[in-house]
Amino acid sequence: MIRFLLEKEFKQIFRSAFFRGLIFIFPIAMLLVMPWAANQEIKEMKLSIIDNDLSTSSGRLIEKIISSGHFKAADISFSNRKSLESIEAGEADAIIEIRPDFERDFVRTGAVNVMVSVNSVNSMKGSIGSSRLISIINQWVAGNMPHMVGVDGRSLHYRYLFNPSLDFKTYIVPALTVMLMTMLCGFLPALNMAGEKESGTIEQLNA
C-alpha cells in the first residue's frame, strides 16, 4: 500500500507542469540569477579624504586605498566639517582622516593615527566598507614596517585556499544550494498533501 502511494505521488509530481518547474526550473533560475543579483560586493565606495599630514607615507596610503578598486575618491579636504557635509549630501559614503605627524609617528613607533568614519544609514554597506578599509590599512602597515620582516628577509603573506579571488558569488552558491534543498523538501510534501486533499484521496493517506 505504501509503495503504491509513493509511486502515485511521484507520478503526480512529474505529470504536473507546476511540479516539474518547481523541481528543475526554480533551482536553475535561483543559481543563475541570485549570485549576481544578491551579492555583497562593494564597488567604488565613495571616500572623502582628509590628509592633514601631506607626507609621502600618507600619499602612499591613499594611493593603495584608491588602487584597490573598492574605493573612489569623492573629495579631498582639510576639514572634518566639509567631509561631513559630503556625507549628508550623499556624495561620500565614508571618511578617512589622516592626523598630523602621521609619517613621524609611523616611523618612530610603527603606529598609524588614522580615523575612519562610515555612513551607517546602509548598515550592510557601511560594515563591509569599513572592514575592507581597515583591512587595506593593516596590509599597508604590515608591508611598510621594517620590524615586520624577519632576520632572514622573509615576510608574512596570506594565501586563501578556498576562493583565492574572494569572489562573493563563490561563497553564495553553496548557501543557495542548502536553501534550495530546504525549501524544496518543505514545498513538495506540503503541495502534495494539498493536492491529495483537493482530489479527495487524503483519506487513503490517513488510513
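Which exposed residues does the face of α3 turned away from its buried side carry? I will come to that by way of the buried side, bearing in mind throughout that this is a predicted model.

Helix α3 covers residues 56-67, and because a helix should rise 1.5 Å a residue, these 12 residues should span 16 Å, which agrees with the 16 Å between its end C-alpha atoms. Within α3, the residues Ser57, Ser58, Leu61, Ile62 and Ile65 are buried, and, seen down the helix axis, the buried residues fall within an arc of 135°, so they line one face of the helix. This fits the general rule that an α-helix has 3.6 residues a turn, so residues three or four places apart point the same way. The face turned away from that buried side carries Arg60, Glu63 and Ser67, which are exposed, and that answers the opening question. Just after α3 comes Gly69, which takes a positive phi of about 90°.

What do the buried residues of α3 pack against? Their partners are the strands β1, β2, β3 and β4, together with the helices α5 (102-109) and α6.

Turning to the sheet, its 4 strands are arranged in the order β2-β1-β3-β4, and the sheet is open, with mixed pairing. At its edges lie β2 (71-77) and β4 (114-118), each of which pairs on one side only, while neighbouring strands are turned by 25° against each other on average, direction ignored. Strand β3, residues 94-98, pairs with β4 in the antiparallel sense over 5 bridges, and Ile98 has Val114 of β4 as its bridge partner.

Finally, helix α6, residues 123-144, lies across β1 (45-51), β2, β3 and β4, running at about 160° to β4.

Key:
Residues numbered from 1 in each chain as written. Predicted model: local features only at pLDDT ≥ 70, side-chain atom pairs only at ≥ 80, totals over all residues. Heavy atoms only, no water. Pairing = 2+ DSSP bridges. Helix = DSSP H or I, 4+ residues; strand = E, 2+ residues; numbered from the N terminus. Axes fitted to C-alpha atoms, helices over the stretch in contact; angles between N-to-C directions. Contact = heavy atoms within 4.5 Å. Expected span 1.5 Å × (residues − 1). Buried < 20%, exposed > 50% of the residue type's maximum accessible area, 1.4 Å probe, protein only. Arc of directions from axis to C-beta.
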